[in-house]
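Please open the structure in your viewer and keep the selection tool at hand. The tour proceeds stop by stop, and each stop names what to select.

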Amino acid sequence: MKVGVTLKIDVTKIDKARLFKGSKGTYLDATVFIDDKGDKYGNNGMIVQNVSKEERDAGQKGAILGNAKIFWRDEEPKAHEPPAFDDDLPF
């Protein structure tokens, strides 16, 4: 299934020490958590700045940077149903 998601990130919450240089730019590792149901504000998820495995193991969580909202999704393929049989056949 394909899903379109918009993101709103508060860049002032980014821990700039976690930015890193790559061959084509400066990057930030982040994770998006998505929930189909959504919250009372219409958001379907949140964006969290990643922390290292060691930090996660120590109980540290990444900063919540913003929200995610599903704006489009593919129609899910419907299960193929067998044809209904008519039991009123004369033979």
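Begin by selecting strand 5 in this predicted model. Of the 5 residues of strand 5, 4 are buried, so the rest of the structure largely encloses this strand. A residue counts as buried when its relative accessible area is under 20%.

Next, add strand 4 to the selection. Strand 4 and strand 5 pair in the antiparallel sense, over 5 bridges. Which residue of strand 5 is the bridge partner of V32? The partner is I47. A further pair to display is T31, which stands opposite V48 in strand 5.

Now add strand 6. Strand 5 and strand 6 run antiparallel and are joined by 4 bridges. To see the two strands face each other, select G45, which stands opposite A68 in strand 6. In general, the strands of a sheet pair through backbone hydrogen bonds, in a parallel or an antiparallel manner.

Add strand 1 to complete the view. The 4 strands form an open sheet in the order 1-6-5-4, with antiparallel pairing. Strand 1 and strand 4 stand at the edges and have a single partner strand each, so one side of each is left without a neighbour in the sheet. On average, neighbouring strands of this sheet are turned by 30° against each other, direction ignored.

The next stop is on the surface. Select M1, V3, V5, L7, I9, V11, V32 and I34, which make a nonpolar surface patch of about 670 Å². Which strand gives the most to this patch? Strand 1 does, with 4 residues. Strand 1 and strand 4 each supply at least two residues of the patch. V32, already met as the partner of I47, is found in strand 4. With a relative accessible area of 36%, V32 is partly exposed.

Turn now to charged side chains. In general, side chains of opposite charge can pair when their charged atoms come close. How many salt bridges does a search of the whole structure find? The search finds 4.

Select R18 and E55 for one of them. These two residues form a salt bridge, and their closest N and O atoms are 2.9 Å apart. R18 lies in the loop between strand 1 and strand 2, whereas E55 lies in helix 1, so the pair ties together parts that are 37 residues apart in sequence. Both ends are partly exposed: R18 has a relative accessible area of 24%, and E55 has 23%.

Move on to D36 and R73. Here the closest N and O atoms of the salt bridge are 3.5 Å apart. D36 is in the loop between strand 4 and strand 5, and R73 is in strand 6, so this pair also links distant parts of the chain, 37 residues apart. R73 is partly exposed, with a relative accessible area of 33%.

Finally, select helix 1 and display D57 and K53. Their salt bridge has its closest N and O atoms 3.0 Å apart. D57 and K53 are 4 residues apart in helix 1 and are therefore separated by about one helical turn. Are these two residues buried or exposed? Both D57 and K53 are exposed. To close the tour, add D15 to R18 and E55: salt bridges that share partners join these residues into one network.

How values were computed:
Residues are numbered from 1 along each chain as its sequence is written. This is a predicted model: local features need pLDDT of at least 70, side-chain atom pairs count only at pLDDT 80 or more; totals for chains, interfaces and linings use all residues. Side-chain values use heavy atoms; hydrogens and water are left out. A salt bridge is a side-chain nitrogen of Lys or Arg within 4 Å of a carboxyl oxygen of Asp or Glu. Buried means under 20% relative accessible area, exposed over 50%, partly exposed in between (1.4 Å probe, protein chains only). Two strands pair if DSSP finds at least two bridges between them. Patches are made of residues with over 30% relative accessible area and no salt bridge: like charges are joined within 9 Å, nonpolar side chains (Val, Leu, Ile, Met, Phe, Trp, Tyr) within 5 Å. Accessible areas come from the Shrake-Rupley method with a 1.4 Å probe; for residues, only the protein chains shown count as cover. Axes are lines fitted to C-alpha atoms, for helices over the stretch in contact, and angles run from 0 to 180 degrees between N-to-C directions.
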